[in-house]
Structure formats: C-alpha cells, structure tokens
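Visitor: I'd like a close look at one part of this protein, down at the level of side chains. Pick a spot, stay with it for a bit, and then show me what else is worth seeing.

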Amino acid sequence: MRFTVDGVPAEAEPAAGQCLRTVLREAGHVAVKKGCDAGDCGACTVLLDGRPVHSCIVPAHRADGRAVTTAAGLGDEHALGEVQRRFVEAGAFQCGFCTAGMVVTAATDEVRAAEDADLARLFKGNLCRCTGYRSIRDALRGVGGTVGDTTTGAVGRSVRAPAASRIVAGAEPFTLDLRTTGLTHLAVLGSPHPHARIRRLDTAAARAMPGVLTVLTAADAPDMLFSTGRHQNRLEDPDDTRVLDPVLRFAGQRVAAVVAESLAQAQAALAAIEVDYEVLPAVFDPEAARTPGAPLLHGEKDAAATRIAEPARNLAAVKHGEMGDVDAALAASDAVVSGTWRTARVAHAALETHATRGWLDAEGRLVLRTSSQVPYLVRDELCRVFGLAPEAIRVITARVGGGFGGKQELLTEDLVTLAVLATGRPVQYEFTREDEFTIAPMRHPKRVSVTLGATSDGVLTAMDLDVLADTGAYGNHAPGVLFHGSHESVSVYRVPNRRVRAESVYTNNPPSGAFRGYGLGQVMFAVESAMDELARRLGIDPFELRRRNVIVPGDPIVVTDADETTDLQFGGYGLDQALDLAEAGLREAGEPVPEAGGPWLVGEGMAAAMIATMPPRGHFSDVRLALEADGGVLLEVGTAEFGNGTTTVHAQLVAEVLAVPVERIRIRSSDTDGARYDTGAFGSAGTLVAGAAVHRAALALREALVAEAGPGAELGPHGVTVGGSVLPLSAFAPLAAVGSANGTPRGLAFNVHAFRVAVSATTGEVRILRSVQAVDAGRVLNPEQLRGQVEGGTAQAIGSALYEEVRVEGGQVLTRVFRNYHVPQMADLPDTEVLFADTIDPNGPFGAKSMSEAPYNPVAPALANAIRDAIGVRPHELPMSRDRVWRLLHPAG
C-alpha cells in the first residue's frame, strides 16, 4: 500500500482487517491517539484526502493511493498552522489528548466556513472530557484568551501552557508515544462470573501458542494483600486485593495474563486457557449485602490486619456519629423535610485509557512509564508487593490524558512489573475502552437519606444523614470517599444537632474508586436538594436560607464531634461573596426558551458547596530549582500533569519570583528519578502543595542569587542588575535551591452554582438557559486556566446529572462503549459564566486556593432544584435523563 502521510510518501503492508489508526501509529505517527477504537471519540481523527475520518474504524487499505493528514501535518510546534495557533491562543485544551483530533477536524474547509450554530453538528464526532467546549468554540471563532508575553509578570495573567504548541501539533508525548525495541504485549483473561473460585487452571495449550512468552497465574504472583487505591498513608485503604487471586469477586477480574510478541497473539492465547470455576453465591444490592446471611466477599480476611471495617457484614468502611440530640431537635422543629436520593455509577471516561509500558534499563533496573496521577505512590507500593528496594524501580509519568481520580490507582503497573520480571522483556499493558467501563473503578453509587429540621425563620436545628455507598468488589478509596463525602457536605452548615450514619458496602459489582469531588457530589445532591425543599416549605429564598445557616469565620468546622481536632482553617472566606455573585448572575438574561418541542416549563435553582483545599493527613512535595548554563531555569517537581494545569502554574510561580519570562522555565515532572518526592496529583494538590514547594524553592533561589550577586542586586528579565551592570543568570549556574510543603494547614474553598432551565412537558428534555458558578478560589493565578477548570468540572457534573450512567445487571456491565454512554458533546453543554470572589488565602502560594475538584459538587443539586422549580416535582435520582423527567411529569404514564 502506497500513500502519503503529512505530505511524505509512505508504504505499509496492513494485516487483514487492520485499521488505519494502528498502521499510522506503528509508523511513528503518534499524533493519532487511541481513545475508543469504535469511532466514538474522535481522538484518532485524520484527514483522508481532506475529509475528516475516525482512523480507528477506517480499514487501512482504503488509504491506498490517498493523502492522510494528521495534526503534525498542519504545522509543527515551531511553525503552527492557523487553526493550531487559534487553539493555543484560546487555551482550548486541558489534558490535550483530544486536541490533535479536534485540530484536524477544525482544519477542514467546512468548519472554517461554518456559522456558530453549525459547530456542534460538525464536532459531534469529537469528545472532550476536560474543557466543557467553551474554549474550543472560542478557538474556532478566533477568540483568544491567553497571553504569550510574560516579561511584565506572570502571576495573575492568563499565561499559556508551556506545552501548548506541542499539544496542538500532536508532538507532546503521552504514555505510549515512544518507540521501544522488542516490545511485547500483555492481555488478561477476565472472569465470566461475578463471584467464583478457580478450581483448576490449565495453561499448557496457551503457552504453546505462537509468540507466547509466558502465562501468569496466581501461582506466579506475590501472595501479598494491598489496595489499588493510593494515598500518602497506605493504611487509609483496606488491604483486600491481590495481583492475581484464585477467588474472583466481580465479572472481569483477572484470572490469568498472557505475554506474547504481539497483542493479537496474546489475545488468541487467552482462548486456549482452560479454567474450571466453582461459581459462588453473589450479592449485588448494597442493602442486601450488609444484611445477615448475605454472601461474604472478604469474610475470610482479618479485620485488624486488612483494615476492613466488618468483613462479616461486607462493610468496607463505617462512619457513625451524633452531636446533640437529633431526634429531640427534629420533634421540636417548626419545619421538617425528609427524602432519599440516589446517584448512579459513573465512568471517568478519560480519553487516554490506563496503560503501562515497562522494561529493564542497562543496569537491570525496572522502569515503568505509566498513565498515573501518583508515580511515587505507585513505586512505593510495588516495592512493598514485590519485595523490591525503592532504588530498584523508576516510575515515569508523561503527560496524562485525563485522570479525574481514576488514575489514583494501581491497575496496570503491577501486572507489567510481574511480566517484565518474569520475561526480562519490555512489556506493554493497555486498557481498551471496554476495560475502562468494566474493570476500572468508577464513581461510588450512593443512596443518601436526609432529614432536616428548622425554625420558622429558617434556622437549621437538626440534620440526620444516612449514607449507603456501593464500593463494589474491593475497598479501594472506600473509607476516604465515605468520610470525605460526609464531611464538608455537613460541616458547611451551622447545625447544633446532627447525626451521620454512613457505610460503604462490598458487593459483587465492579469496584468503585476515586472520582472528582471524592464523594461530596453524591451527598451534596441530597443535602442541597433537601435544603431547597426546606426553603420552599418555609417560603424563604434559597440563597437567603443558605446565608442564614452557612458557617462563617469563628464557627467550628466539625461534623458530629464538637471536640474534633482539625487543621482546617477558614483562611480567606468568600462564601458570602459567592452567594451574592451567583444570585446576581442568575438574574441576568440567558438563552431564550426554545420555540419547538414544548410546551416548556421554566425554573431556577441553586446549590452551595464547600471543600477542603487539600487532602487530610498530610500531602508532601519536595522540589528542586536550578540555574542552567544557557540561562534557563530547571524545575524538578514530582506531581503529574493531566489537564490540571499545574505545569503552567508552577512555571508562573518561578517566573514571577525570579522576574524571568515563563519561556525560560524548563520543567521535569512526575519522574521518580527527578524530584525527591511528591505524594501525587489528587485532591487539587498541584497548586497548593507542589505549588507551595515550588514557590518556596523560588524564594530560596532568589535569596541565594541576591546574596551571591552582592548588596543592591535586583532581578529582572535579562538577569541580575548590580551597580548598573547586568549579569545573566547563566553566570550564576549551577546555583540551586530546594522547597518543600506538607499540605497543612488546610483551607476551605466555596462554590455556588445557579441554573435557569426549560423542561419540555412533552418529552422531559432539559435545556439549560443560564448557567453560572461563583467560586472562592483565593487569588486567581491564571484566570483563563481557572475558568477552564470550573467549566470542565461543571461539564462533567452536567453529564452525570443529566446523561451518564454505567448500567450493571447481575454483576455484568451492560454499558461498554461510548455510544451507549452519553459523555456530553459540544451540543449538550451551555457556556457557564464563571465569577470569582475576591479573597486571599494565606495557606496558598500568592494567596491561591485549589479549584479543580470543587466545581463539580454543587452542579447536580442546583440543576435538580431548577428542574423541581420548573415542573413542581422533586427529582430524587441521577441521572435526570429525559425519560426519568418525563415519568415525573406523567406518573400515570
């Protein structure tokens, strides 16, 4: 087959049935990404004779004699094409994994000539999980929101991401975008049963298959219990998991793994493995699972040794407590509201799937290049499980194609470690999109019951909260999600009498895990819905009801223990401003009520949210900053970049302190051979923890520079000025400094969201007419980037509020591809106006707070409250899909 790629003649001999995407990547064209391999996401988009196509579903032979153009063919990072330049100027990406495909689609004549109203249709084949699409629409319109010149200061300006030009050119390397000689591939045989014991496993036929190097079973793996969930303190999660386990607790769990010269050979060998299963009783409903007599998932494990709360009751984690006398307070209240709300199982849907490539370096050391938010925590747990010293493993994280908490896990690295150590060969294990839906952890489904009591003038007297979470087959993140979800959702209000009964229960469903908001979104959906109902009962404006009850500086920040010790501090307090800003913003005009599809019922709703600005119990970062001989500044920092924008902010912090342009800052991140340590990129810690360490290192380096240059020295964009002479920074190389942060004390961030919606009485469709979120983020270090984080969190929350649900029946996942799982497209999402409170938090660099997780949390309840206002009936279940809303409107139907 002869064709051209980016204007260069090429030849290939595709295998029968091979798609164009894999032919291109095998030839080194890594701008073409794999997001789904089903034609649903657009990450693999290329131009075929000028027409955009999803290369994952185009048979390779159709490219014969034709011209293929990837993002790299539109311009390189040093000479961008017009469309690429627009994406850079608009900051139209976050993780950047979808961007090459977006840029290719945008480069067509049809898109460039399109009206705004046609853009959603033209981009229906391109998904973005990060941005919310507003910045992409800006790019398509030629509207720029970022600045490239940082000679006049960096902090407080919308500085462009350092990797921007490489991302839009498809040149920024993600996890698997590198060549590895002699690479082999790993494939996994998953359990067909949600609960079974392996009685016999025969791998002889598989081992004899062509290309097979080894077959790995439980007999080959360490018999060491661990948790896939990663935290600074590994004791926060129950040790209930093995690399390979003879007892299988959910459908799809690993039975065996094959390593072969090619992925096709490995997959073919899976079919030759003979397994005799003893099918065990299973339980899928968390309420039934905690009932006496239910099948036990981990009943044989010791509670003290594994930190499982109650193995004999399938309880992974428990939180019970009461402050005051809730029952008496409710009995004495002038108004009482009560209800039960349910949330769905939601997939992270990061476009880059979990993947690890491992090999032995020249010294025989294991090297893992992996898609992870927590490279140091992965290294440390692998050392524990496999009995290796920390210096025996190097973990590298390139730019990660989306995380959202889903990559705060150890899901592929352990098998690759086992395989590399067993074979001595480079090994790659890459999840498919189906794997992401069936075996990767998802958001915990929860059932939340809330009862509120109040006086006639709207002062809360009591809160009773009952939470039941389905952690699935394993308890990774079960305690943290349970405790966190029941904390700020309760402590945001002054309530003298409150009770929390919360339990996370094992079932034979797929595992749950960490997800943006870390449990708060599910509980706030219930609490804020109940608050809205209470406002209606009392005839008080919902904004005003919050003002009368939210905590203010001086109030204790507690849940059910008045004597609770905490490192939480108010710092800068902006909830009052956020309430005012959101209320005023909601009063402004939005989109008009649609003309077709009615009659339309219009309503408004709001919700408030609070979140700690950092994870509890310590989050650590140690960084190094050094001057280089060419005048550049090298920053070694351990945290990962996955669309959270930390790389940009870190560069801004250094540039501001040292008075140099951002372009002079080089960043080496997320490599355990680089910075000494970093807990990881979760809990919005990239700015507040790693950023604080970076800021301190920059201050220390500035002090050292001034001391070495002499009295009166001043730093500027051209170097150090002393006595009228300017010495370049290179004259002081290799001067260096270090900085550290430990994640304490912690502050509080606040978000208030408000919606105006129209609901079709005929179909149940929900149209968002106005969306506004007011945020207390402290000092805004990068306005455009922070706006994007809020928009992205809002977009993801709208998805789980209106569309997204992974359906599981009898332990079997029914939702296995994007086309059956509604990730919001451009057409689904409105522009959200983002408003910033004016506060300064002394705990953050330059007064900043974190704001990556927080925007998600108030969205679903605000939307539910708006729908309730429109239709007069309270939604109690997510997602509020059009069929569910229609049933609320037509209960007899």
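Guide: Let's start at aspartate 37, which is partly exposed, with 35% relative accessible area. Keep in mind as we go that this is a predicted model. Aspartate 37 has a salt-bridge partner in arginine 21, and their closest N and O atoms sit 2.7 Å apart. The aspartate belongs to the loop between helix H1 (20-26) and strand E3 (45-48) while arginine 21 is in H1 itself, so the pair ties together parts that are 16 residues apart in sequence. What about the other end, arginine 21: buried or exposed? Arginine 21 is buried, at a relative accessible area of 7%. That label applies because 7% falls under the 20% cut-off for buried. So the bridge joins a partly exposed aspartate 37 to a buried arginine 21.

That pair has plenty of company, as the structure holds 86 salt bridges. Take arginine 816 and glutamate 434, whose side chains meet with N and O 2.7 Å apart. This one links distant parts of the chain: 382 residues separate arginine 816, in the loop between strand E33 (812-813) and strand E34 (833-836), from glutamate 434, in helix H15 (residues 433-438). Arginine 816 is partly exposed at 29% relative accessible area, and glutamate 434 is partly exposed too, at 37%.

Now for a local one. Arginine 887 and aspartate 883 form a salt bridge at 3.2 Å, N to O. They sit in helix H25 (residues 882-889), four residues apart, or about one turn of the helix. Arginine 887 is exposed, at 51%, and aspartate 883 is partly exposed, at 33%. Arginine 887 gets its label because 51% is over the 50% line for exposed.

Salt bridges can also join up. A network of them links Glu287, Arg290, Glu310, Arg313, Glu322, Asp327, Arg447, Asp464, Asp466, Arg499, Arg501 and Glu503.

From charges, let's move on to helices. Helix H13 (residues 375-386) is 12 residues long and spans 16 Å from its first C-alpha to its last, close to the 16 Å expected at 1.5 Å a residue. H13 is mostly covered, with 10 of its 12 residues buried. The buried set is Pro375, Tyr376, Leu377, Val378, Arg379, Glu381, Leu382, Cys383, Val385 and Phe386, so if you scroll through them you'll spot Arg379 and Glu381 in there among the rest. What does the covering? Strand E15 (366-370), strand E16 (393-396), helix H14 (413-423) and strand E25 (677-678) are among the elements over those buried residues. Right after H13 comes glycine 387, with a positive phi near 65°.

Look next at the loop between E16 and H14, where you'll find threonine 412. Threonine 412 is buried, at 1% relative accessibility. Beyond its neighbours within four places in sequence, threonine 412 touches Arg254, His354, Ala355, Thr356, Thr370, Tyr429 and Phe431.

For another residue with partners from elsewhere in the sequence, try glutamate 274 in strand E11 (residues 274-279). Glutamate 274 is partly exposed, at 42%. Its C-alpha is 8.4 Å from that of alanine 205, although the two are 69 residues apart in sequence. Setting aside neighbours within four places, glutamate 274 is in contact with Arg200, Leu201 and Asp202.

Last stop: helix H24 and two of its packing partners. The axes of helix H23 (residues 783-802) and helix H24 (residues 859-871) come within 8 Å and cross at roughly 55°. That angle makes H23 oblique to H24, and the crossing is right-handed. On the H23 side the contact uses Thr794, Ala797, Ile798, Ala801 and Leu802, and on the H24 side Val859, Ala860, Leu863 and Ile867.

Helix H18 (residues 520-538) packs on H24 as well, at about 35° with the axes 8 Å apart, and this crossing is also right-handed. H18 brings Met524, Phe525, Glu528, Ser529, Asp532, Glu533 and Arg536 to the contact, and H24 answers with Ala860, Pro861, Ala864, Asn865, Arg868 and Asp869. Find Ala860 on your screen: this residue of H24 takes part in the contact with H23 and in the one with H18.

Notes:
Residues are numbered from 1 along each chain as its sequence is written. This is a predicted model: local features need pLDDT of at least 70, side-chain atom pairs count only at pLDDT 80 or more; totals for chains, interfaces and linings use all residues. Side-chain values use heavy atoms; hydrogens and water are left out. A salt bridge is a side-chain nitrogen of Lys or Arg within 4 Å of a carboxyl oxygen of Asp or Glu. Buried means under 20% relative accessible area, exposed over 50%, partly exposed in between (1.4 Å probe, protein chains only). The expected span of a helix is 1.5 Å times one less than its number of residues. Contact means heavy atoms within 4.5 Å. Axes are lines fitted to C-alpha atoms, for helices over the stretch in contact, and angles run from 0 to 180 degrees between N-to-C directions. Angles under 35 degrees count as roughly parallel, over 145 as roughly antiparallel, 65 to 115 as roughly perpendicular and the rest as oblique. A crossing is left-handed if the near helix is turned anticlockwise from the far one by less than a right angle, and right-handed if clockwise.
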